[in-house]
Amino acid sequence: MPKIFITNKSGHPQTFEVHGWNNNQNITVPPQHTSTLSAPDKSSGAIIALHGGHEGEQAEITFNGFG
């Protein structure tokens, strides 16, 4: 199954809002770490960085034909 890798390059924990995977639950990635989410083929969603509770950078992703 495909995976999405979310890397936090900052010096503080970073929370990401997750839509479409991870049961739509937010994740917090520790500083200088990478977390992964399973993302089945033909799925789509978004990963949004939260800054002080406000939405920031966003990636919208669709898997179609992985492998």
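**Meeting a six-strand protein**

Reader: Let me start with one residue. Which residues does Ala 59 touch, not counting residues up to four places away in sequence?

Author: A touch is a contact, meaning heavy atoms within 4.5 Å. With residues up to four places away in sequence set aside, Ala 59 touches Gly 45, Ala 46 and Ile 47.

Reader: Before we go on, which atoms do the side-chain values use?

Author: Residues are numbered from 1 along each chain as its sequence is written, and in this predicted model local features need pLDDT of at least 70, side-chain atom pairs count only at pLDDT 80 or more, and totals for chains, interfaces and linings use all residues. Hydrogens and water are left out, and the side-chain values use heavy atoms.

Reader: How many helices and strands does the protein have?

Author: Both kinds of element are DSSP runs numbered from the N terminus, a helix being H or I with at least four residues and a strand being E with at least two. Reading from the N terminus, the elements run β-β-β-β-β-β. The count is therefore zero helices and six strands.

Reader: What is the radius of gyration of the protein?

Author: The radius is taken over C-alpha atoms and can be set against the globule rule, 2.2 Å times the number of residues to the power 0.38. For 67 residues that rule gives 11 Å, and the protein comes close to it, so it is as compact as a globular protein of that length. Its C-alpha atoms fill a box of roughly 35 × 20 × 20 Å along the principal axes. The radius itself is 12 Å.

Reader: In what order do the strands of the open sheet lie?

Author: Two strands pair if DSSP finds at least two bridges between them. In this open sheet of four strands the pairing is antiparallel, and strand 5 and strand 6 are joined by seven bridges. Leu 50, for one, stands opposite Glu 55 in strand 6. The order is 3-2-5-6.

Reader: And which are the edge strands?

Author: An edge strand pairs on one side only. From one strand of the sheet to the next, the twist averages 25°, with axes fitted as lines to C-alpha atoms and angles running from 0 to 180 degrees between N-to-C directions. The edges are strand 3 and strand 6 (54-62).

Reader: Back to Ala 59: does it count as buried, partly exposed or exposed?

Author: Ala 59 lies in strand 6, and its C-alpha atom is 5.3 Å from that of Ile 47, twelve residues away along the chain. Buried means under 20% relative accessible area, exposed over 50% and partly exposed in between, with a 1.4 Å probe and protein chains only. The value for Ala 59 is 34%, so it counts as partly exposed.

Reader: Which elements give two or more residues to the largest nonpolar core?

Author: A nonpolar core is a set of buried Ala, Val, Leu, Ile, Met, Phe, Trp, Tyr and Cys residues joined through side-chain atoms within 4.5 Å. The largest one has twelve residues, among them Ile 4, Trp 21, Ile 47 and Phe 63. The elements that give two or more are strand 1 (3-8), strand 2 (14-19), strand 3 (27-29) and strand 5 (44-51).

Reader: Which residues form the covered face of strand 1?

Author: In a regular strand the side chains alternate between the two faces of the sheet. Strand 1 is joined to strand 4 by six antiparallel bridges, and Lys 3 has Ser 38 as its bridge partner there. Lys 3, Phe 5 and Thr 7 make up the uncovered face of strand 1, while its covered face is Ile 4, Ile 6 and Asn 8.

Reader: What is phi of Asn 24 near?

Author: Most residues other than glycine have a negative phi, and most peptide bonds are trans. Asn 24, in the loop between strand 2 and strand 3, has a positive value. Gln 32, in the loop between strand 3 and strand 4 (33-38), also has a positive phi although it is not a glycine. For Asn 24, phi is near 60°.

Reader: Last one: what is the relative accessible area of Pro 13?

Author: Pro 13 is in the loop between strand 1 and strand 2, where it touches residues including Asn 8 and Val 29. It counts as exposed because its relative accessible area is 52%.
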